[in-house]
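These are short notes to read beside the structure. Please keep the model open while going through the points.

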Amino acid sequence: MPHLVILYTPNLDLSVDQGGADMGALCRQLCDAMLAVRDEADRQVFPTGGTRVLAYPAAHSAVSDGGATGIAAGLGGDYAFVYMNLRMAQGRSALTHQRVGEALQGVVKAHFATQLASRPIGITVQVDEGHEVFDAKNSSLHPLFQRT
Amino acid sequence: MPHLVILYTPNLDLSVDQGGADMGALCRQLCDAMLAVRDEADRQVFPTGGTRVLAYPAAHSAVSDGGATGIAAGLGGDYAFVYMNLRMAQGRSALTHQRVGEALQGVVKAHFATQLASRPIGITVQVDEGHEVFDAKNSSLHPLFQRT
Amino acid sequence: MPHLVILYTPNLDLSVDQGGADMGALCRQLCDAMLAVRDEADRQVFPTGGTRVLAYPAAHSAVSDGGATGIAAGLGGDYAFVYMNLRMAQGRSALTHQRVGEALQGVVKAHFATQLASRPIGITVQVDEGHEVFDAKNSSLHPLFQRT
């Protein structure tokens, strides 16, 4: 089961008119985008009952030079940063990896368009294949979507 | 030194009678279970002074379809999710990995039995072997357990 | 682009005179140390616009035996723990990995000297090479440092 974890600077949790980025809405959009990805055989890549997105603002952070260059450039020194890491199961094709990454990127480009145009911000999207040595799943959620 | 990180939906931090799962008690149970694992030579796998569990509720999250299917099934739409990842040092046997994973699973199955029986929830337990390119430990805790 | 994530026990967020460790200042020091690392060709290893440190106190945690041995030793049972993981891009030399790790270690040893001398605490510093299957960067921060 895939999980997407988002780590970010807490200035993105301000209200949108103060520079925030509505990270709650972003989670939902990313989850929906993941659920819509299909593989070469037109099968849904991620099971509905096993797909989730969790976002965490840092309690403390330091980004780049701390603001001086942004201030000097007239863009402000309140840098923002978002790191997204999706861990998915092993064994998917390179094409599927690409489709998944592009699906996330599509959401990011739309959701952060205003931010990218107006402030110094960096947003990284990475997809990892898990290589766990033990894996167990316990779920009363997954079966909800296997009844049909 | 091993560390177990738990990422979860914040609805599990409610009081137990409101649907919470006492995540603090879970941390202690998992730590105790890790300390009790023994390898093929009957040695303690994880050093007492180097074993720890850290749990993080997400500030924002999105799980599965957001609730519609759970509501339709009469189970409620307040989905919960827990992801546990234990990172341990390289070089342990496959049997040790299995014992470690099963020790965590034993705690999970007991601790979440009520939750699994009564709401849509997914709990994943994974164990990774670290492959770090640099590793340094600084500790005044570890030596406490090497004095005997 | 590198990112350093710090997971730690929340007792380190107390004020310094109550046993805290000023984790905000630590983030800045670590970021500065990362920016100062140079490779064999005397080039800056990490791009200024892509370097960041994010720190997260756990909401719940369990460390070691929970305190009994520290209390018995007269050092107190309020154990602290810090886990630092830096993920950097693939392809750097072993010497660069070593320099990066030692730069972080230099900060840690100075910043936590008092803590290490006065309480049970463990601080782990690890550096990972990422092995992502998809990687995309969106940034209005990075270009600020490429204008010269």
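1. One cut-off is needed before the helices can be discussed: an angle over 145 degrees between two axes counts as roughly antiparallel, and an angle under 35 degrees as roughly parallel. Note also that this is a predicted model.

2. Start with helices H1 and H3 of chain B. Their axes come within 9 Å and cross at roughly 150°. Since the cut-off is over 145 degrees, H1(B) and H3(B) are therefore roughly antiparallel to each other. The crossing of H1(B) and H3(B) is right-handed.

3. Which residues of H1(B) meet H3(B)? On the H1(B) side they are Leu26(B), Gln29(B), Leu30(B), Ala33(B), Met34(B) and Ala36(B). They face Ala103(B), Leu104(B), Gly106(B), Val107(B) and His111(B) of H3(B). Sorted by class, this contact holds 8 nonpolar and 3 polar residues, and no charged ones.

4. H1(B), residues 23-36, also lies across strands. These are S1 (3-8) and S2 of chain B, together with S3 of chain C. Relative to S3(C), the helix runs at about 25°.

5. The sheet crosses chain boundaries. It is an open sheet of 6 strands with mixed pairing, in the order S6(A)-S5(B)-S4(B)-S1(B)-S2(B)-S3(C). Its edge strands are S6 (134-139) of chain A and S3 (60-63) of chain C, each of which pairs on one side only. Direction ignored, neighbouring strands of this sheet are turned by 10° against each other on average.

6. Look next at the end of that sheet where chains B and C meet. Strand S2 (residues 52-57) of chain B and S3(C) run antiparallel and are joined by 4 bridges. Within this pair, Leu54(B) has Ser61(C) as its bridge partner.

7. Pairing of S2 with S3 is also found between other chains. S2 (residues 52-57) of chain A pairs with S3(B) in the antiparallel sense over 4 bridges, and Arg52(A) has Val63(B) as its bridge partner there. S3 (residues 60-63) of chain A pairs with S2(C), again antiparallel over 4 bridges. In that pair His60(A) stands opposite Ala55(C).

8. The contact between chains A and B takes 32 residues from chain A and 37 residues from chain B. On the chain B side, S3 (60-63), H2 (68-72), S4 (80-88), H3 (94-111) and S5 (121-129) each supply at least two residues. Which element of chain B gives the most? The answer is S5(B), with 9 residues. By class, the chain B side has 19 nonpolar, 13 polar and 5 charged residues.

9. For chains C and A, 32 residues of chain C are in contact with 37 residues of chain A. The elements of chain C that give two or more residues are S1 (3-8), H1 (23-36), S2 (52-57) and S6 (134-139). The chain C side divides into 16 nonpolar, 11 polar and 5 charged residues.

10. Two loop residues of chain B deserve a check of their backbone angles. Asp22(B) is not a glycine, yet has a positive phi of about 50°; it sits in the loop between S1 and H1. Ser64(B), in the loop between S3 and H2, is not a glycine either and has a positive phi of about 55°.

11. Are these two residues buried or exposed? Asp22(B) has 15 other C-beta atoms within 10 Å and is therefore partly exposed. Ser64(B) has 26 other C-beta atoms within 10 Å, so Ser64(B) is buried.

How values were computed:
Residues numbered from 1 in each chain as written. Chains lettered and ligands numbered in written order. Predicted model: local features only at pLDDT ≥ 70, side-chain atom pairs only at ≥ 80, totals over all residues. Contact = placed C-beta atoms within 7 Å. Nonpolar A, V, L, I, M, F, W, Y, C, P; charged D, E, K, R; others polar. Pairing = 2+ DSSP bridges. Axes fitted to C-alpha atoms, helices over the stretch in contact; angles between N-to-C directions. Parallel < 35°, antiparallel > 145°, perpendicular 65-115°, else oblique. Left-handed = near helix turned anticlockwise from the far one by under 90°. Buried ≥ 20, exposed ≤ 12 C-beta atoms within 10 Å, placed from the backbone.
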